[in-house]
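Biologist: I'm new to reading models like this one. Please pick a single helix, take a close look at the residues along it, and tell me what each of them touches.

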Amino acid sequence: MKTFLKYLGALLVLCGVICLAVYYFAVPTNGLLVASLALEVVGILAYILINKYID
């Protein structure tokens, strides 16, 4: 479980990048931009905080 938690932030950032790719190539809506922004910010914060307390 700890190994999954270590990569949770990186996975959230990756999901944000996928949302940006979908926005660019398929459906240009503002909802995807907001979702990608939220996923990337939460992912970066989760990566920093989780790795600070797990290690």
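Modeller: Sure, and let's start with a word we'll need all the way through: helices are DSSP runs of H or I with at least four residues, strands are runs of E with at least two, and both are numbered from the N terminus. Keep in mind that this is a predicted model, where local features need pLDDT of at least 70 and side-chain atom pairs count only at pLDDT 80 or more, while totals for chains, interfaces and linings use all residues. Residues are numbered from 1 along each chain as its sequence is written, and side-chain values use heavy atoms, with hydrogens and water left out.

My pick is helix 3, which covers residues 30-54. Asn-51 lies in this helix, and Asn-51 is buried, with a relative accessible area of 16%. Here "buried" means under 20% relative accessible area, "exposed" means over 50%, and "partly exposed" is in between, using a 1.4 Å probe and protein chains only. A polar atom in the side chain of Asn-51 sits 3.1 Å from the backbone oxygen of Tyr-47. That's a polar contact: a pair of N or O atoms within 3.5 Å where, within protein, one must be able to donate a hydrogen and the other to accept it, and where residues adjacent in sequence count only if both atoms are side-chain atoms. If you skip residues up to four places away in sequence, Asn-51 touches Lys-6 and Ala-46; contact just means heavy atoms within 4.5 Å.

Now slide along to Glu-40, also in helix 3. Glu-40 counts as partly exposed, at 23% relative accessibility. Its partners, leaving aside neighbours within four places in sequence, are Val-13, Gly-16, Val-17 and Leu-20. Glu-40 and Cys-15 are 25 residues apart in sequence, yet their C-alpha atoms are 7.9 Å apart in space.

Next come two neighbours with opposite labels. Ser-36 is buried, at 3% relative accessibility, whereas Leu-37 is exposed, at 56%. The side chain of Ser-36 has a polar atom 2.9 Å from the backbone oxygen of Leu-33. Ser-36 is also in contact with Gly-16, Cys-19 and Leu-20, again leaving aside neighbours within four places in sequence. As for Leu-37, its C-alpha atom is 6.8 Å from that of Gly-16, and the two are 21 residues apart along the chain.

Many of those partners have numbers that fall in helix 2, residues 8-25, so let's hop across. Gly-9 is found in helix 2, and Gly-9 counts as buried at 1% relative accessibility. Gly-9 touches Gly-43, Ala-46 and Tyr-47, not counting residues up to four places away in sequence. Compare Tyr-24: Gly-9 and Tyr-24 are 15 residues apart in sequence, but 23 Å apart in space, C-alpha to C-alpha.

Tyr-24 counts as exposed, at 65% relative accessibility, and so does Phe-25, at 69%. The structure holds 1 aromatic pair. Tyr-24 and Phe-25 make it: their ring centres are 4.9 Å apart and their planes are at 85°, so the pair is edge-to-face. Rings of Phe, Tyr and Trp (its six-membered ring) pair if their centres lie within 6.5 Å, with planes under 30 degrees apart called stacked, over 60 edge-to-face, and the rest tilted.
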